[in-house]
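Let's take a walk through this structure together, one piece at a time. Keep the 3D view open as you read.

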Amino acid sequence: MPTYGFGNNGRRFLLLSAMLQALGVDRYSMLGWCNGGCTALIAASRAADRVDKLVVWSCNAYVTDRDLENYEKTRDVYSWAEVRRLSQFELYGEKYVSDTWGGWIDAFRKIVDEDGGDVCRGELSKIKTPTLILHGANDDFIPVEHGVYLHENIKRST
């Protein structure tokens, strides 16, 4: 599954849906972190008859100029705290992290400029699935206000 870029959430949902259908999986629960959380939110809104339960953490339905300012401060991955940088390099590879992080920030910029910052706000009111929202108060990248917004806009959320 492609995992990069918020603009791909709708496409990721289509790929995921086709894959599960090909495997004969009619109903499922979803867990999603960061961009994967946005994909899970879209899936729960567009395939409500198939998604039983939903858990998302550290994801956002919108992005603001203030968010972008914070992301820009992290564009140079070599300026990250060593423990974070090395763990990301170990998990994904130094080249991948170095090459794609700026693109992730650029994707957010495009969403702000072209879509008014809307990542998946319009999908939230359509979610009927019981949803658990997890979000850390000290998340470095996605402020807690985003978790609060999700809870306020998803009817059956906790």
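Before we start, one definition: two strands count as paired if DSSP finds at least two bridges between them. Also bear in mind that what you're looking at is a predicted model.

With that in hand, look at the sheet. β1 and β2 pair in the parallel sense, over 5 bridges. Two of the matches to look for are Leu31 of β1 with Val55 of β2, and Tyr28 with Val51 of β2. On to the next pair: β2, residues 51–57, also runs parallel to β3, and 4 bridges join them. Here Leu54 has Thr131 of β3 as its bridge partner, and Val56 is matched with Ile133 of β3.

Put those pairings together and you get an open sheet of 3 strands, in the order β1-β2-β3. β1 (28–33) and β3 (131–134) are the edge strands; each has a single partner, so one side of each has no neighbour in the sheet. On average, neighbouring strands here are turned by 10 degrees against each other, if you ignore direction.

How does the chain get from one strand to the next? β1, α2 and β2 form a β-α-β unit, and that unit is right-handed. The helix in it, α2 (residues 35–46), lies across β1 and β2, and runs at about 155 degrees to β2.

Now zoom in on the side chains of β1, which alternate along the strand. Tyr28, Met30 and Gly32 point to one face and are buried, whereas Ser29, Leu31 and Trp33 point to the other face and are not.

Which residues have the most contacts inside the largest nonpolar core? They are Met30, Leu41, Leu54, Val56, Tyr71 and Leu150, in a core of 41 residues. α1 (9–22), β1, α2, β2, α3 (65–72) and α5 (94–115) each supply at least two residues of it. The element that gives the most is α5, with 7 residues. As background, nonpolar side chains tend to be buried together in soluble globular proteins.

Leu150 is a nice one to click on. Setting aside neighbours within four places in sequence, Leu150 is in contact with Leu41, Val56, Cys59, Ala61, Leu124, Ile133 and Ser157.

Leu150 is also one of the buried residues of α7, along with His146 and Gly147. These residues cover an arc of only 100 degrees around the axis, which puts them on the same side of α7. A general point about helices helps here: an α-helix has 3.6 residues a turn, so residues three or four places apart point the same way. As for what they touch, the buried residues of α7 (144–153) pack against α2, β2, α3, α6 (121–124) and β3.

Finish with α3, whose buried residues are Asp67, Leu68 and Tyr71. Look down the axis of α3 and you'll see these buried residues fall within an arc of 100 degrees, so they line one face of the helix. What do they pack against? The buried residues of α3 pack against α5 and α7.

Methods:
Residues numbered from 1 in each chain as written. Predicted model: local features only at pLDDT ≥ 70, side-chain atom pairs only at ≥ 80, totals over all residues. Heavy atoms only, no water. Axes fitted to C-alpha atoms, helices over the stretch in contact; angles between N-to-C directions. Contact = heavy atoms within 4.5 Å. Core = buried A, V, L, I, M, F, W, Y, C linked by side-chain atoms within 4.5 Å. Buried < 20%, exposed > 50% of the residue type's maximum accessible area, 1.4 Å probe, protein only. Right-handed = clockwise from strand over helix to strand, strands pointing away. Arc of directions from axis to C-beta.
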